[in-house]
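Got the viewer open? Load the model, colour it however you like, and keep the selection box handy for the stops below.

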Amino acid sequence: AVLGPSTGLGVDPIYFDYAAATRTLRAKVQAEKAAAGQDPSAQGSADQTHKEMVAFLSSHGLSGPIRAYAKALALQGVASPSELLQTESTKLSRILTLAELESTDELLLLDALRQLR
């Protein structure tokens with residue numbers, strides 16, 4: 001049943017065109033990225049930084065969901081290992097709490113950071 005003027009609801013079938021809605025949404029996201037100055041090379045740089053953080057965490061013996069840890073740290077503003085090393089201890093404590101690392105992984109990371117500083 002098509003809703004329209006005959007049913008009195010006034011719903012046009014165009015509202016159910018999901019392909020058009022998806023195209024519009026994608027165009028909007030691309031326009032926002034262009035306005036913010038994000039280009040594909042910036043995304044590649046972010047991917048490389050994420051890989052560096054994953055490698056850093058795994059090289060220090062962390063065994064939990066390392067990619068999730070790296071993403072959680074990036075969301076807290078610490079995207080690279082160098083930023084992690086330069087973070088003050090009080091801020092680091094808050095970041096690690098919000099990242100929700102497993103207890104053994106958090107201890108391993110804190111020990112590694114102490115040794116590297």
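Start with the whole chain selected: residues 24 or more positions apart account for 53% of the contacts with a separation of 6 or more, where contact means heavy atoms within 4.5 Å. Bear in mind that this is a predicted model, in which local features need pLDDT of at least 70 and side-chain atom pairs count only at pLDDT 80 or more, while totals for chains, interfaces and linings use all residues. Residues are numbered from 1 along each chain as its sequence is written, and side-chain values use heavy atoms, with hydrogens and water left out.

Switch to cartoon. You should see six helices and zero strands, in the order α-α-α-α-α-α along the sequence. Helices (H or I, at least four residues) and strands (E, at least two) are DSSP runs, numbered from the N terminus. Now turn on the surface: its accessible area is about 8400 Å², and 56% of that belongs to carbon and sulfur atoms. Accessible areas here come from the Shrake-Rupley method with a 1.4 Å probe, and for residues only the protein chains shown count as cover. Of the 117 residues, 23% count as buried. Buried means under 20% relative accessible area, exposed means over 50%, and partly exposed is in between (1.4 Å probe, protein chains only).

**Stop 1: α1**

Select residues 18-36, which is helix α1. How many of its 19 residues are buried? The number is zero, so α1 lies largely in the open. Try the distance tool on its end C-alpha atoms: they are 27 Å apart, which agrees with the 27 Å that 19 residues should span at 1.5 Å a residue. The expected span is 1.5 Å times one less than the number of residues.

**Stop 2: the core**

Next, pick M53, L57, L84 and L109, which touch the most other members of the largest nonpolar core, a set of 19 residues. Such a core is a set of buried Ala, Val, Leu, Ile, Met, Phe, Trp, Tyr and Cys residues joined through side-chain atoms within 4.5 Å. The elements giving two or more residues to this core are α2 (40-59), α3, α5 and α6. The largest share, five residues, comes from α3. Zoom in on L57: leaving aside neighbours within four places in sequence, L57 is in contact with L62, I66, Y69, A70, L73 and L109.

**Stop 3: α3**

Select 66-75 and look at I66, Y69, A70, A72 and L73, the buried residues of α3. Look down the axis of α3: these buried residues fall within an arc of 165 degrees, so they line one face of the helix. The arc is that of the directions from the helix axis to the C-beta atoms. On the face turned away from the buried side of α3 are the exposed residues R67, K71 and L75. Just past α3, click G77, which takes a positive phi of about 95 degrees.

**Stop 4: α5**

Move to 89-99, helix α5, and show L92, I95, L96 and A99, which are buried. Down the axis of α5, the buried residues fall within an arc of 95 degrees, so they too line one face of the helix. They pack against α3, α4 (81-86) and α6 (103-116). Flip to the face of α5 turned away from the buried side and you find T90, R94 and T97, which are exposed.

S93 also sits in α5, and S93 is partly exposed at 42% relative accessible area. Pull up L110 alongside: S93 and L110 are 17 residues apart in sequence and 9.3 Å apart in space, C-alpha to C-alpha.

**Stop 5: the loops on either side of α5**

Go to T87, in the loop between α4 and α5. Is T87 buried or exposed? At 11% relative accessibility, T87 counts as buried. The T87 side chain reaches the backbone oxygen of E83 at 2.6 Å. Leaving aside neighbours within four places in sequence, T87 is in contact with V78, L92, I95 and R117.

Finish at E100, in the loop between α5 and α6. E100 is exposed, with a relative accessible area of 66%. Check the backbone there: phi of E100 is near 55 degrees, a positive value in a residue other than glycine.

Terms used. Polar contact = N/O pair within 3.5 Å; in protein donor to acceptor, adjacent residues only side chain to side chain.
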